[in-house]
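Reader: I would like a close look at one part of this structure, followed outward into its surroundings as far as that is useful. Please take the time to connect the pieces.

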Amino acid sequence: MRITGIDVYHVAMTLLYPFRTAFGNDSVIETVLVRMQSEEGYGWGEASPWALPAYSPEYAGGVYKIVTELFAPRLLGQEIGTGEELQERLAWAKGNPFAKASLDTAWWDLEAKRRGQPLWQMIGGKQPIVDVGADFGIMESHDQLLAEIEAAAIAGYLRVKLKYRPGWDLEMIRTVRRHFPELTIHIDCNSAYTLDDIDMFRQVDELGLFMIEQPLMHDDLVDHATLQNALTTPICLDESITSPARARKAAEIGACRWINIKYPRVGGMTQAIAVHDMAASHGIPCWVGGMIESAVGANHCLALATLPNFTYPADIFPSSRFFDHDLGNPQLVHSAPSRISAQNAAGIGVEPDPERLRRQSIACRHLVAE
C-alpha cells in the first residue's frame with residue numbers, strides 16, 4: 001500500500017499521581033502519536049519514551065523531531081507491504097527504536113484495518129483476553145504499600161510487581177513477603193544496581209520471588225549472566241533487550257530466564273514479534289510491559305500480548321489507573337478482574353479523541369506525499 005500522509009503529534013498526558021521509579025518521579029507522560037494515511041484508510045501508532053532520556057536514550061521531543069524531519073519523509077509516497085519493509089526503509093538510522101515504533105505501529109493498525117481484521121488476530125494471537133498484573137511504584141510508607149497490595153490480592157490479581165530502588169529495597173521486600181508469603185511477587189530494579197550489590201541480591205534470593213527484573217545497567221548482558229549464575233531467582237531483562245539480536249545473545253550467554261517486551265523499546269510491533277519468536281526458539285518465556293501509553297499504545301500492547309509465548313500477566317492497565325480521561329477512545333477497561341480484552345474491531349479498535357488530542361498536543365506536524 002502507498003503511504004500518502006503522516007501526521008505526528010507530541011503530546012503531554014497528566015497523570016492522576018506521580019509515578020515513582022529508580023529513574024525518578026514523573027507527573028506527566030510525554031508521548032508521540034502517529035496517524036498514517038493511505039488511499040485505503042488510516043492507522044494510529046504510539047511510542048511513549050517520556051519527557052527525559054532516563055529510561056532510554058530517547059525522549060519525546062527528540063522522537064518527534066526525528067520522526068517529522070527524518071523518518072516520515074522517507075516513507076511518504078512509498079509502497080510498503082510488510083512491517084519488515086518499513087523497518088528496512090528506516091534501517092539506515094542506528095538505534096532510535098521509539099521513533100521507529102511510532103511509525104511501525106501505525107502501519108500495523110492501518111494494515112489490519114485494510115484487511116478488516118483485529119490486529120491481535122492478524123498477528124496470530126491465540127485469544128483476545130489477556131491476564132494482567134498489579135504494579136506499585138515507590139510509596140510514602142510500607143503501610144501504604146501493604147494496603148494497596150492487599151486490595152490487589154482481594155481483587156484477584158494474579159501477580160504483583162514492585163518498583164525497587166536504593167532506599168526502597170531489601171527492607172521493603174522483606175516486609176511485603178512477611179505479610180504475603182504465598183503471593184506471586186517480582187521486583188523491578190530499573191537498572192539501579194551493579195555487581196557490587198550481589199550480596200544484597202543473594203538476600204533477595206531467599207524470599208521466593210518470581211523474578212528480579214533488570215537489576216543491572218540498562219545496556220548490560222554480561223554482568224547479568226554473572227548475577228543470574230549466582231542466583232536461584234530468575235532474572236528478567238527489560239531495558240537490555242533492544243532487538244532480536246540482543247535477545248539471542250542474552251539467551252546464548254544465560255543472562256536471563258525471562259524477557260519483558262515493550263514494543264517501543266525494540267522498534268515496534270514488527271521487532272517485538274521477532275523478539276518474541278527468538279525468545280521462544282531458545283525456550284525463554286516472555287511478558288508484555290508498558291510505558292504508560294494512552295489507550296492507543298496500550299491496545300497495541302494488548303494485541304502483542306495475545307501471542308503464545310507471553311505467559312506471565314502483562315503490564316497493561318485500565319485507563320482509570322493513570323488518567324482522569326485517557327487520550328484514546330474508547331477507554332481501556334477490565335473485561336474481568338485482572339483481565340483485559342483486546343478489541344474485536346478491525347485494527348486496534350482505538351484512536352485518539354480529537355478534542356483531547358488537540359488540547360494535549362505540544363506540537364503537531366501534517367506531512368503529505370508529493
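Reader: Where is Thr232 found, in terms of the helices and strands on either side?

Author: The model is a predicted one, and what follows should be read with that in mind. Thr232 is found in the loop between helix H8 (222-230) and E9, where E9 is the strand of residues 235-237. With a relative accessible area of 61%, Thr232 is exposed, because the threshold for that class is over 50%. Leaving aside residues up to four places away in sequence, Thr232 touches Asp205 and Arg257. Leu209 gives a further point of reference, being 23 residues from Thr232 in sequence and 9.8 Å away in space, C-alpha to C-alpha.

On the other side of H8 there is another loop, which joins strand E8 (211-213) to H8 and holds Gln214. Whereas Thr232 is exposed, Gln214 is buried, with a relative accessible area of 0%. Its backbone also deserves attention, since Gln214 has a positive phi of about 40° although it is not a glycine.

Strand E9, on the far side of the Thr232 loop, leads on to helix H9. The buried residues of H9, which spans residues 244-253, are Pro244, Ala247, Ala250 and Ala251. Viewed down the axis of H9, these buried residues fall within an arc of 120°, so they line one face of the helix. An α-helix has 3.6 residues a turn, so residues three or four places apart point the same way. The packing partners of the buried H9 residues are strand E9, strand E10 (258-261) and helix H11 (269-281). Just after H9, Gly254 takes a positive phi of about 70°.

Earlier in the sequence, strands E5, E6 and E7 can be taken together. Strand E5 (residues 134-136) runs parallel to E6 and is joined to it by 3 bridges, with Val160 in E6 as the bridge partner of Ala134. Between these two strands the chain passes through helix H5 (residues 142-155), and this β-α-β crossover is right-handed. On to the next strand, E6 runs parallel to strand E7 (residues 185-188), and 4 bridges join the two; here Leu162 has Ile187 in E7 as its bridge partner. A right-handed β-α-β unit is again formed, made of E6, helix H6 (residues 170-179) and E7.

Strand E6 therefore appears in both of these units, as the two crossovers described above show. Its residues 160-163 point in two directions, Val160 and Leu162 one way, and Lys161 and Lys163 the other way, yet all are buried. In a regular strand the side chains alternate between the two faces of the sheet. The helix that follows E6 has its own buried set, consisting of Leu170, Met172, Ile173, Thr175, Val176 and Arg177 in H6. What covers these buried residues of H6 includes H5, E6, E7 and helix H7 (198-204), which ties the helix to elements of both units.

The loop that leads from E7 to H7 holds Asn190. At 4% relative accessibility, Asn190 counts as buried, and its phi is near 50°, a positive value in a residue other than glycine. Asn190 and Gln214 thus each combine a buried position with a positive phi.

Two prolines elsewhere in the chain may be set beside these loops. Pro49 lies in the loop between strand E3 (41-47) and helix H1 (60-75), and it is buried, with a relative accessible area of 1%. Not counting residues up to four places away in sequence, Pro49 touches Glu30, Glu58, Tyr59, Ala60, Val63 and Phe98. Pro330, in the loop between strand E12 (328-329) and strand E13 (339-341), is joined to Asn329 by a cis peptide bond, with omega of about 5°.

Finally, the whole chain gives the setting for these details. Its secondary structure comes to 13 helices and 15 strands. The radius of gyration is 20 Å, close to the 21 Å that the globule rule gives for 370 residues, so the chain is as compact as a globular protein of that length. Along the principal axes, the C-alpha trace spans about 60 × 40 × 35 Å. Of the 370 residues, 59% count as buried, and the chain exposes about 14,300 Å², of which carbon and sulfur atoms supply 50%. Among contacts between residues at least 6 apart in sequence, 72% join residues at least 24 apart.

Notes: Residues are numbered from 1 along each chain as its sequence is written. This is a predicted model: local features need pLDDT of at least 70, side-chain atom pairs count only at pLDDT 80 or more; totals for chains, interfaces and linings use all residues. Side-chain values use heavy atoms; hydrogens and water are left out. Buried means under 20% relative accessible area, exposed over 50%, partly exposed in between (1.4 Å probe, protein chains only). Contact means heavy atoms within 4.5 Å. Two strands pair if DSSP finds at least two bridges between them. A crossover is right-handed if, with the strands pointing away from the viewer, the path from the first strand over the helix to the second runs clockwise. The arc is that of the directions from the helix axis to the C-beta atoms. The radius of gyration is taken over C-alpha atoms; the globule rule is 2.2 Å times the number of residues to the power 0.38. Accessible areas come from the Shrake-Rupley method with a 1.4 Å probe; for residues, only the protein chains shown count as cover.
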